[in-house]
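Subject: The structure you asked about

Hi there,

Here is the structure I promised to pass along. Have a look at it first, and then read on for my notes.

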Amino acid sequence: MNVLRRIASRTGMAVWLLGVWLLLWGRVDAATVLSGVAVAYGAYAVTRLPTVPFITRLRPVRLAEAVLEFAWDLFASSVVIGKHALWRPSRVQGALVYVRARSHSDVVLLAVTTSMSLRPGTLVLDIDWEESLFLIHGMPVATPAAAESVKHALLATERRLLSALGAPEPEEPA
């Protein structure tokens, strides 16, 4: 990786850290921005954060589709969890589901993890980064078919993000 790409990648990560910092504080003012820059710099200096691969082939239309589908998933999941919270919540069953993703890209796996964990009713508990294997707690999951729907949701999210980020489709395992 040449120096310019590494600098661009680290700058992108620092901007992302600053964005998270601003969201945590809930306001944008000079003191918050300056303290966020100091925290991002300190995080790099102390922890040696890895360089995240720089995304160079972002597809805006596919990204917009992925964002809209994510918003729809948030809405649908909220309705389902809300229904179960109001109507017989003691009968709601959850399950642990293992799902093997096809991608080995850290950026894609991180985006899939974030997307799945933000949805009500699903939570990524563990990831084997080398095997791209997710352990997900899904709710409500009372049947094997419902467990399969959790698996399909993760794989659909991965497929959308691969398309949006311009990453090549990984080959199917033999």
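**Overall layout**

The chain's secondary structure amounts to five helices and three strands. Reading from the N terminus, these elements follow the order α-α-α-β-α-β-β-α. Please keep in mind that this is a predicted model.

Of the 174 residues in the chain, 29% are buried. The accessible surface is about 11,500 Å², and carbon and sulfur atoms account for 66% of that. If you take the contacts between residues at least 6 apart in sequence, 69% of them join residues at least 24 apart.

**The core**

The largest nonpolar core contains 21 residues. Those with the most contacts inside this core are V99, V112, M116, V124, F134, I136 and L154. At least two core residues come from each of β1 (95–100), α4 (106–118), β2, β3 and α5 (144–164). Helix α5 gives the largest share, with seven residues.

M116 is a good place to start when you look around in here. Setting aside residues up to four places away in sequence, M116 touches T122, V124, I136, V150, A153, L154 and T157.

**The hairpin and its turn**

Strands β2 (residues 122–128) and β3 (residues 133–138) run antiparallel and are joined by six bridges. Across this pairing, I127 stands opposite F134, and F134 is also among the core residues with the most contacts. The two strands form a hairpin, with four residues between them.

One residue of that turn deserves a closer look. S132, in the loop between β2 and β3, has a positive phi of about 55° although it is not a glycine. For context, most residues other than glycine have a negative phi.

Is S132 buried or exposed? S132 counts as buried because its relative accessible area is 0%, against a cut-off of under 20%. Its contacts beyond four places in sequence are V99, R100, A101, S103, H104 and L109. With H104, the S132 side chain makes a polar contact, side chain to side chain, at 3.0 Å.

**Two more backbone details**

R88 is another residue that has a positive phi of about 55° without being a glycine. R88 sits in the loop between α3 and β1. With a relative accessibility of 42%, R88 is classed as partly exposed.

Further along, the peptide bond from M139 to P140 is cis, and its omega is near -5°. P140 belongs to the loop between β3 and α5. As a general point, most peptide bonds are trans.

**An aromatic pair in α3**

Searching the whole structure turns up two aromatic pairs. One of them is formed by W72 and F75, with 5.5 Å from centre to centre and 40° between the planes, a tilted arrangement. Both residues lie in helix α3 (residues 60–86), three residues apart, which is about one turn of the helix. W72 counts as exposed because its relative accessible area of 56% is over the 50% cut-off.

If you only have a few minutes, I would suggest opening the turn first and looking at S132 together with H104. After that, M116 and its contacts, including V124, I136 and L154, make a nice second stop.

Happy looking, and do write back with any questions.

Best wishes

Technical notes: Residues are numbered from 1 along each chain as its sequence is written. This is a predicted model: local features need pLDDT of at least 70, side-chain atom pairs count only at pLDDT 80 or more; totals for chains, interfaces and linings use all residues. Side-chain values use heavy atoms; hydrogens and water are left out. Two strands pair if DSSP finds at least two bridges between them. Rings of Phe, Tyr and Trp (its six-membered ring) pair if their centres lie within 6.5 Å; planes under 30 degrees apart count as stacked, over 60 as edge-to-face and the rest as tilted. Buried means under 20% relative accessible area, exposed over 50%, partly exposed in between (1.4 Å probe, protein chains only). Contact means heavy atoms within 4.5 Å. Accessible areas come from the Shrake-Rupley method with a 1.4 Å probe; for residues, only the protein chains shown count as cover. A nonpolar core is a set of buried Ala, Val, Leu, Ile, Met, Phe, Trp, Tyr and Cys residues joined through side-chain atoms within 4.5 Å. A polar contact is a pair of N or O atoms within 3.5 Å; within protein, one must be able to donate a hydrogen and the other to accept it, and residues adjacent in sequence count only if both atoms are side-chain atoms.
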